[in-house]
Amino acid sequence: MDKKFDPNLIRKEFPALCREVKEGVPLVYLDTTATSQKPKYVLDSLSHYYSYSNANVHRGIHTLAEEATAAYENARVSISNFINSPRSEQVIYTRNTTEAINLVANTWGRENFCRGDRVVMTEMEHHSNLVPWQMLAESIGMEIDIVPVDDRGLLDLMVYEKLLKKNPKAVCVTHMSNVLGTLNPIRSMADLAHEHGAVIIVDGAQSAPHMPIDVQELDVDFFAFSAHKMCGPTGIGVLYGRYELLSTMPPFLGGGDMIKRVELRRFDTNDLPYKFEAGTPAIGEAVGMGAAVEYLNEIGMENIWDHEQEIVAYAMDKLEEVPGVTIYGPEADKRGGVTAFTLDGVHPHDVSQILDADGIAVRAGHHCAMPLHTRYNLVATARASYYLYNTRKDIDKLIEGLYKVKKMFG
Amino acid sequence: MEDMYREVILDHYKNPRFRGELDPADISYEDDNPLCGDNIRIDLRVDDSDRIVECAFSGQGCAISQASASMLMEDIQGKTLEEIKKYSRDDILDMLGIELGPVRLKCAMLSLKVLKVGAYGVKEWVED
Ligand SMILES: Cc1ncc(COP(=O)(O)O)c(C=O)c1O
């Protein structure tokens, strides 16, 4: 891999980015926030695993079972290093961010919350960090407090501090908004949460793919992310947890692998991380996630972050020049590579549909953040998002496309 | 795509026919498509033989949802509620004159759904 960061070379490693949407119309992929494209390195690792090392993990004595187990566990070590987890047992494989958060809510949450206890969430959460807690709140009778988003698109930290005085048991917050792009000050939010005796659960779905993550430096208790947004396959994600918490939490799903010993009427739970990995896991996908992490490390998370900062600043400058465009969220230096916007007089679905004719893939809708859209009195936005493989040329095509939309609806 | 935004569709979107609300109305119903946030409300006035004498739609959403509502209003002029109950998905697609994928089909069908629930009365409506 070329050490010098060049998105034009990086693009070539992603087969999807080299295809045409239809004859003569190359793909301009601006929907990474929903899911990223996959580099050949990761695709090859999946193909290699399934072609030659496929076997069920653990307890196998034969060669393939040993290879599969080693690949599955080596990936865990890579991922653990990627987020600087103290021990790789603190990296629990899940299906995705959503399942990771549901795991915490249903084990740690169910064990620790009593009627009347409080949980703090924010107005910019993705549904996956709202609904699991709403479900728990409903069944236990907990109270939900919300940190609002201010007019700059940032969390109102004054309100956060006030809410902490009510002694919540947990704070659930996203590291980066998938709509506004806002990067939240997780370290200081974690310090404040801990001062007030609360556990902090961070949705890292949009940060882990785009910036260096150090869970010890962030000092978070739980951190969840998905492989598919960071060059890896779907079907695999991670829950990182503080060791003391994970080791005392009850198991999540019951079945094979999560047990040490089973009798007819009782069982002993297995050690970490297996306690939380019931049944045959997504082995090939875990291997693919490990490959994705290796791929990203090779390019360098700092480089990726710097590139996206440059691209998002360029995109915001260009978008702001288009009459009728409104961008939501903070200035470029306070956000990651996401721009959600509206175009006066045109529904975001129509924007997206017309852009698609020129091969430009942007998402339209509420992006699983309905409360946030309600806060802005919107039902939907169009969202263009950027990754290591996007270039200024992609942005230029987006802008050109938007002028086409305006002409059509003008 | 060029097809999807045919001149006639854009025309109905930009210059909707029968846009507004009727107060009082004999039949009013409203629904939305939570996926896209399209919203349509339809108000009808009918005579003694359940024939439509006045209709109006309101709401907001994408060009496909709003244009199909506007075209539908034009189409149901003077029809009876019984005739409305017979409207099908194909009638809407014929009216729009385009093909649609599953996501945009929901946008196109929202006004028909609202109209038919109104015509049947909420309780009798069964999704087809
Ligand atoms: C901020 C945020 N949190 C959570 C999720 C959910 O991720 P997944 O669907 O992989 O569970 C997403 C992605 O859609 C997201 O952007």
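A polar contact here is a pair of N or O atoms within 3.5 Å; inside the protein, one of the two must be able to donate a hydrogen and the other to accept it. With that in hand, let's walk through this predicted model, starting at one asparagine and moving on to the ligand.

**Asn96(A) and its surroundings**

The side chain of Asn96(A) reaches the backbone nitrogen of Thr98(A) at 3.2 Å, which means that the pair falls inside the 3.5 Å limit. Asn96(A) itself belongs to the loop that links strand 4 (91–94) with helix 4 (97–112) of chain A. Leaving aside residues up to four places away in sequence, Asn96(A) touches Phe225(A), Ser226(A), Ile236(A) and Gly237(A). Two names from this small network return at the ligand: Thr98(A) and Ser226(A) are among the residues that come nearest to it.

**The ligand site**

Where does the ligand sit? Its place is the largest pocket. There are 13 residues around the ligand, and the nearest are Thr98(A), Asp203(A), Gln206(A), Ser226(A) and Lys229(A). Sorted by class, this shell holds 10 polar, 2 charged and 1 nonpolar residues.

Three polar pairs that involve an oxygen atom of the ligand are set out below.

| Residue | Protein atom | Distance to a ligand oxygen |
|---|---|---|
| Gln206(A) | N or O atom in the side chain | 2.6 Å |
| His126(A) | polar side-chain atom | 3.0 Å |
| Thr97(A) | polar backbone atom | 3.3 Å |

How much of the ligand's area does the protein bury? Taken alone, the ligand exposes 400 Å², and the protein buries 88% of that.

**Backbone points to check by eye**

Some background helps with the next few residues. Most peptide bonds are trans, and most residues other than glycine have a negative phi.

Two bonds that lead into prolines are cis, one in each of chains A and B. In chain A, the bond from Leu272(A) to Pro273(A) has an omega near -5 degrees. Pro273(A) lies in the loop between strand 12 (267–269) and helix 10 (283–299). In chain B, the bond from Asp23(B) to Pro24(B) has an omega near 5 degrees, and Pro24(B) is found in the loop between helix 1 (7–14) and strand 1 (27–33).

Which sign does phi take at Asn84(A), positive or negative? It is positive, at about 55 degrees, although Asn84(A) is not a glycine. You will find Asn84(A) in the loop between helix 3 (63–82) and strand 4 of chain A. Strand 4 also borders the loop that carries Asn96(A).

How values were computed:
Residues numbered from 1 in each chain as written. Chains lettered and ligands numbered in written order. Predicted model: local features only at pLDDT ≥ 70, side-chain atom pairs only at ≥ 80, totals over all residues. Heavy atoms only, no water. Near = heavy atom within 4 Å. Areas by Shrake-Rupley, 256 points an atom, 1.4 Å probe, with all protein chains shown as cover. 1 Å grid on protein atoms, 1.4 Å probe; cavity = no way out; pocket = protein on both sides within 12 Å on 5 of 7 lines; lining within 4 Å. Sits in = over half its atoms within 2 Å of the grid points. Nonpolar A, V, L, I, M, F, W, Y, C, P; charged D, E, K, R; others polar. Helix = DSSP H or I, 4+ residues; strand = E, 2+ residues; numbered from the N terminus. Contact = heavy atoms within 4.5 Å.
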